[in-house]
Amino acid sequence: MAAAHAAVDEAVEILRAGRTRRHTRIDKATNDFLTEVDLASETTLKRALAASTPQIGFYGEEGGGASLESGLVWVADPLDGTINYATGSPLCGVMLGLLEDGVPVLGVIDLPFLGVRVDSGTVVDVGAFADGIIGMGDAFHRGGARLDAFLELTATVHRLALRFRCVGAASVLWTWLVSGQIQGMVLAHNNPYDVVAGHAIARAAGAIVTDYAGAPLTLGSSGAMAAVPGIQPELVTLAADLAAAAP
């Protein structure tokens, strides 16, 4: 944990130093890009962790790396919410998690422009879906039946929950979940760099972290969601069509 915090400290400084300058947008996928800050942050994380924990592998969003299924592996999102960051929004962060034989065992998430860092937390449970605030991830990179199902679930959540949130950064949703600001979240994917850190923290904080069908989340799951115990069964029921549409 100390090594994770120290590495995230360095990455956060990269984000802060680059915030006010114009960024080079490097095409990554449809409707998505990275910047030189993403790359610099990942390089910094990798270097810092190689020095402090040379026996542990490293996997980053931008450069990939070690196999995730066995041994100890750091999993890093060096700048989560890149488009938010590049357009001046404070809703972005650094996420660093640790896998042991494919299972998340610890995480650190820092939201540098909100002044928040979490490596633990306690969820705030509610007894009914109508009393919960639910966050939904972006689904810009999906298509076909799965996108349709995700959008339908988003509309249903918006209708039935106390409030709905979509902020464009998984780091923010995980942080809010473990800090009690939301009671559930659904991501449009299961990218390890967006999930490992939050999964470890949320599970320890009392959330139930699953795939869309309610089965325990693994690296092989096609999508990720998490909720407090009081509304998790209903969220799974509502996500049935999304579970069926997932490959």
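Tutor: Let's start with a term: buried means under 20% relative accessible area, exposed over 50%, and partly exposed in between, with a 1.4 Å probe and protein chains only. We are looking at a predicted model, where local features need pLDDT of at least 70, side-chain atom pairs count only at pLDDT 80 or more, and totals for chains, interfaces and linings use all residues. Residues are numbered from 1 along each chain as its sequence is written, and side-chain values use heavy atoms, leaving out hydrogens and water.

Student: Why is His-189 called buried?

Tutor: Its relative accessible area is 8%, and the limit is under 20%, so His-189 counts as buried.

Student: What makes the link between His-189 and Asn-191 a polar contact?

Tutor: Such a contact is a pair of N or O atoms within 3.5 Å; within protein, one must be able to donate a hydrogen and the other to accept it, and residues adjacent in sequence count only if both atoms are side-chain atoms. The His-189 side chain reaches the backbone nitrogen of Asn-191 at 3.2 Å.

Student: Why is Ala-224 called buried?

Tutor: Ala-224 has a relative accessible area of 0%, so it meets the definition too. Among the residues it touches (heavy atoms within 4.5 Å), not counting those up to four places away in sequence, are His-189 and Val-186.

Student: What makes a set of residues a nonpolar core?

Tutor: The members are buried Ala, Val, Leu, Ile, Met, Phe, Trp, Tyr and Cys residues joined through side-chain atoms within 4.5 Å. The largest here has 51 residues, and Val-186 is one of those touching the most other members.
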